[in-house]
Structure formats: C-alpha cells, structure tokens
Amino acid sequence: MDDLLIAKTQSSPEIHLSAASDRLLIKGKSYMENSATFYRPVFDWIEKYLDGLQSGHVTVDLEIVYANSSSFKVIMNLFDMLEEVARDGKNQVVINWCYDPENKMAKEYGEELQHELEVAQFNLLEVSS
Amino acid sequence: MNSIIPHYFDMAREDGIIFCFRGPMTQNLLETLEGALRLRVEQEGEDLDTTFTVFSVFVEQVQNVIHYSEDRIPTQETGKPGLGSGIVLIGHKNGRFFVSCGNLVKKESVPRLEQKLNKIKGMDKNQLRDYFREKMRSGPEDGSKGAGLGFIDMARKGRDIDYSFTPADELHELFSIQVTI
C-alpha cells in the first residue's frame with residue numbers, strides 16, 4: 001500500500017500513514033468544519049491496511065493539540081477499529097498519545113481515550129513542543 | 001455624524017465584551033481567533049489552559065451556528081446550505097471568561113433543543129462525563145450534522161451553562177447559549 005500523506009492546515013492535522021513501517025501518525029490540531037469528510041480517506045486507508053496486516057504489529061503516534069467534539073468522536077471510532085485488531089491477538093497494537101505537559105486539555109483527552117481501551121497498549125507520553 | 005463608538009465602548013466595557021462578531025460564521029473566523037488567542041498567551045501571558053478552554057467552547061458554539069442556524073446566506077454552489085449566520089461574543093466579567101452565541105432556529109426545533117439542554121444543565125461533572133462517553137459511542141441523532149456532542153462538551157468545560165429562547169418572527173426563535181468558564 002502507498003503511504004497516505006496529508007499536509008497539516010491550521011485546523012486539520014498532519015496525517016502520515018505508512019504500511020511499510022507499520023506506523024500511523026496524526027499530529028496537530030483537529031477542528032475542521034466537517035470531520036467525517038476529512039477523516040474518511042484516513043479511515044478507508046487504515047481499514048484496508050488493518051485487513052491486510054501481516055507484520056504482527058502497528059504503532060499509532062498521536063500528537064493532537066486540540067480536537068473539537070466531532071473530531072474526538074472520530075478518533076474514538078478509530079480506536080475502536082484498533083482495539084478490534086488488538087483483541088484478535090494476532091497483532092500487537094501500540095498507541096502513543098503524545099502531549100505537551102503545558103497542555104492540560106490534551107492530557108485529559110488522552111486519559112479519556114485511555115479509559116475506553118482494554119486490550120491495545122496505550123502510552124501517555126510527555127513531549128516538549 | 002455622531003460616532004456610535006462611545007455607545008458601544010461603554011456597553012462593551014460594562015458587559016466585559018472582548019470580542020463580538022455578528023454575521024455569517026465561517027471556519028476562517030475560528031482560525032483567525034485561534035491566532036488572536038495564541039498571541040494573548042504568548043505576548044500578554046494569558047493562562048494557556050484557560051485560553052484553550054475559551055477557544056474550545058468558542059469552536060463548539062460557532063460550529064453549531066455554522067451547522068444549525070436557520071438564518072443562512074446562500075452560496076453560489078448549488079445544493080449547499082449556505083453560510084449560517086448568528087452572533088458570538090467572548091467576554092470577561094467578574095473574574096471569569098464567558099462565551100455566548102445566538103442564532104435563529106425554527107420554532108418546531110425548540111422543544112427538542114430545550115429538552116436536550118435541560119438534561120445537560122441538570123448534570124454534574126461525573127454525569128456529564130458518562131453521558132459524553134455514551135453519546136460518543138452511539139450513532140448521530142436525526143438532524144445532527146456533527147457528533148451531537150457539542151453541548152455536552154461545552155457543559156463539561158465550563159462552570160455554568162445558560163440558554164434562552166426568544167421569539168424572533170412567525171417561524172423562528174432566537175436561541176442563545178452562554179457558557180461561563
């Protein structure tokens with residue numbers, strides 16, 4: 001599969017999805033007007049990638065500075081997909097939630113999402129901006 | 001011509017208004033305000049967490065107006081709903097920031113909206129958190145263009161949430177919501 005690359009904008013995050021390195025990156029702000037439209041190609045790519053996952057592991061790096069409520073729901077849906085893969089037991093799923101320690105809201109989002117996961121490995125990581 | 005500035009200057013000072021915009025709401029408005037708020041943090045030493053919270057409530061309110069206002073400016077593009085118009089305010093009074101907005105809604109939407117908001121207003125932080133999680137999992141409601149989480153999100157982030165409906169014309173009421181942070 002080709003990588004999916006979407007450059008960041010002021011209200012949408014950088015997306016870099018790579019099947020070759022089994023890494024999915026979403027980094028930046030997410031408050032675009034229509035989150036369903038923006039994330040559809042991201043979802044489609046990830047769904048296809050997870051269906052064909054052979055390597056046994058996938059790492060998801062998320063550094064989301066701010067997300068509006070509808071983006072947050074989309075991210076949750078993405079987590080559901082990853083959790084399903086983790087549940088299968090055939091593949092290891094690692095999710096890294098990176099946040100600036102000055103950004104209390106980002107940390108809280110991470111904790112909120114962490115609560116929803118049971119199987120996938122979730123790491124809350126402080127990063128310096 | 002007498003300037004209207006003195007009138008608005010006094011009114012704004014009394015009500016603690018920092019920012020007011022009336023008209024068609026766009027994504028651009030949100031991005032511009034993000035820049036302005038970031039400057040306040042970087043240059044005026046405004047508290048980052050508070051500013052983030054103000055911004056996030058602002059986004060939820062403006063995006064509600066974008067999606068749901070019944071007062072729309074038609075666009076050239078056919079089939080598109082046009083730009084949603086309304087009014088939004090950011091202010092600081094009695095030591096607290098507040099974000100308020102108003103837009104026209106159809107009279108028949110009022111009971112459903114009121115019921116939703118009443119429910120949210122009656123909840124404490126834990127109940128709101130649980131309700132948010134429940135709504136996050138369920139599909140979108142009928143007539144909902146976003147995730148249906150905006151009001152819950154605002155209520156969680158704010159200290160107080162108040163709202164009102166005032167008659168506007170035969171078919172519409174003015175819906176307004178205020179969140180104190």
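# How the two chains meet, and what lies within them

Guide: In this predicted model, the contact between the chains draws 33 residues from chain B and 23 residues from chain A. Together the two chains bury about 2,300 Å², of which 49% lies on carbon and sulfur atoms.

Visitor: What makes Arg137(B) and Asp80(A) a salt bridge?

Guide: The rule asks for a side-chain nitrogen of Lys or Arg within 4 Å of a carboxyl oxygen of Asp or Glu. The side chains of Arg137(B) and Asp80(A) meet at 3.0 Å, N to O, and therefore the pair satisfies that cut-off. Across the interface of chain B and chain A the rule finds 6 salt bridges, and it also finds 21 residue pairs in polar contact there.

Visitor: Which helices of chain B supply at least two residues each to the side that touches chain A?

Guide: They are helix 2 (27-44), helix 3 (48-68), helix 5 (125-137) and helix 6 (150-157) of chain B. Helix 3 of chain B gives the most, with 11 residues. Sorted by kind, the residues on this side of chain B are 11 nonpolar, 10 polar and 12 charged.

Visitor: Why is the pair of Glu63(A) and Lys27(A) called a salt bridge?

Guide: The closest N and O atoms of Glu63(A) and Lys27(A) are 4.0 Å apart, and because the definition accepts such atoms within 4 Å, the pair is counted. Glu63(A) belongs to strand 4 of chain A and Lys27(A) to strand 3 of chain A, 36 residues apart, so that the pair links distant parts of the chain. Over all chains, a search of the whole structure finds 18 salt bridges.

Visitor: How do you know that strand 3 and strand 4 of chain A are paired?

Guide: Pairing requires at least two bridges, and 8 bridges join strand 3 (residues 23-30) to strand 4 (residues 57-67) of chain A, so these parallel strands qualify. One of the bridge partnerships sets Ser30(A) against Ala67(A) in strand 4 of chain A. Helix 2 (residues 69-88) of chain A packs on the sheet, touching strand 3, strand 4, strand 5 (92-99) and strand 6 of chain A, and its direction makes about 165° with that of strand 4.

Visitor: What makes strand 1 and strand 6 of chain A edge strands?

Guide: The open sheet of chain A holds 6 strands in the order 1-2-3-4-5-6, with mixed pairing. Strand 1 (4-6) and strand 6 (121-126) each have a single partner strand, so one side of each is left without a neighbour in the sheet. Neighbouring strands of this sheet are turned by 15° against each other on average, direction ignored.

Visitor: How do strand 5 and strand 6 of chain B pair, and what do they form?

Guide: Strand 5 (residues 160-167) and strand 6 (residues 172-180) of chain B pair in the antiparallel sense over 8 bridges, and with 4 residues between them they form a hairpin. Among the bridge partners, Ile161(B) is matched with Val179(B) in strand 6 of chain B.

How values were computed. Residues numbered from 1 in each chain as written. Chains lettered and ligands numbered in written order. Predicted model: local features only at pLDDT ≥ 70, side-chain atom pairs only at ≥ 80, totals over all residues. Heavy atoms only, no water. Axes fitted to C-alpha atoms, helices over the stretch in contact; angles between N-to-C directions. Contact = heavy atoms within 4.5 Å. Buried area = accessible area lost by both parts, 1.4 Å probe. Polar contact = N/O pair within 3.5 Å; in protein donor to acceptor, adjacent residues only side chain to side chain. Nonpolar A, V, L, I, M, F, W, Y, C, P; charged D, E, K, R; others polar.
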